[in-house]
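Here are my notes for you, point by point. Have the model open while you read.

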Amino acid sequence: MIVVRLKPLAEICPMVAHHHRVLVVGCNTCAAVSLAGGEKEVETLVAALSLASSAKHETAQFEGDVVQRQCEPEFLEDLDASGYDAILSMGCGAGVAFIAENCQLPVYPALDTMFIGVSKGFGSWQAECSACGSCVLGETAGICPITRCAKGIMNGPCGGVQDGVCELGDRDCAWVLIHDRLAAQGRDKACSIGDPKDNAAKTLCPEWDMNKGHGESR
Ligand code: SF4
Ligand code: SF4
């Protein structure tokens with residue numbers, strides 16, 4: 001899932017301060033599971049923005065709505081933004097971008113999009129993928145060096161590792177984990193580890209159409 005988190009109110013308020021009627025739109029898929037953009041979070045943000053507005057003697061109105069997924073056209077069809085002069089999206093960056101592409105109003109992000117990750121318990125997620133467009137997990141025992149190594153290097157561990165911990169001190173060294181898991185699986189270091197990452201897939205392929213195939217997606 002895509003993991004998102006709410007921006008601070010101090011960052012959100014100025015974005016919408018000059019608008020009169022703002023529709024706060026949640027997303028009932030990844031953002032809801034992230035506990036950042038579902039129905040409850042929309043209600044809470046609408047209440048917080050309304051309070052902040054009245055505290056400043058402003059007249060801005062905030063109302064909420066939630067769509068199932070902001071990144072799919074069929075669900076955006078349900079969104080009725082008539083009468084509003086701005087939208088505050090509580091979806092990931094793709095949701096913000098897709099609403100902006102499909103309506104004439106200014107659209108603002110209420111969330112920060114963090115990473116593609118997995119749940120590690122209630123309210124806790126681990127980054128697993130940065131959507132690089134050219135996956136090497138088959139060679140790295142399922143641990144992504146782009147995402148989980150602080151430097152995103154392809155030939156770790158670097159000289160900063162200490163007893164299996166990254167020099168940043170906030171994580172296990174991804175490359176120690178990779179080598180340990182490969183060894184536990186009885187596998188040698190994969191042949192392409194150490195080669196620079198080919199970022200062409202990411203830079204050349206901002207769109208992907210499964211009906212057209214590789215190299216014809218634009
Ligand atoms: S190698 Fe690329 S696609 Fe694979 S998990 Fe890492 S970032 Fe995601
Ligand atoms: S110590 Fe390991 S995780 Fe940290 S930057 Fe170096 S190789 Fe990457």
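1. Let's sort out the vocabulary: Ala, Val, Leu, Ile, Met, Phe, Trp, Tyr, Cys and Pro count as nonpolar, Asp, Glu, Lys and Arg as charged, and the others, Gly among them, as polar. By that scheme, the shell around ligand 2 holds ten nonpolar, two polar and two charged residues. Cys-149, Gly-156, Cys-158, Cys-166 and Cys-173 come nearest of the 14 residues around ligand 2 (C-beta atom, placed from the backbone, within 6 Å).

2. Some ground rules: this is a predicted model, where local features need pLDDT of at least 70, side-chain atom pairs count only at pLDDT 80 or more, and totals for chains, interfaces and linings use all residues. Residues are numbered from 1 along each chain as its sequence is written, while chains are lettered from A and ligands numbered from 1 in the order in which they are written.

3. The protein splits into domain 1 (2-115) and domain 2 (130-204), with bounds from an automatic or database domain assignment. Their centres, taken over C-alpha atoms, sit 36 Å apart.

4. Now find α3, residues 39-55; helices here are DSSP runs (H or I, at least four residues), numbered from the N terminus. Which residues of α3 are buried? Glu-41, Val-42, Leu-45, Val-46 and Leu-49 are, meaning 20 or more other C-beta atoms, placed from the backbone, within 10 Å of their own (exposed is 12 or fewer). Seen down the axis of α3, the directions to the C-beta atoms of its buried residues fall within an arc of 135 degrees, so they line one face.

5. On the face of α3 turned away from that side, Lys-40, Ala-47, Leu-51, Ser-54 and Ala-55 are exposed. Just after α3, His-57 has a positive phi of about 60 degrees.

Terms used: Helix = DSSP H or I, 4+ residues; strand = E, 2+ residues; numbered from the N terminus. Expected span 1.5 Å × (residues − 1).
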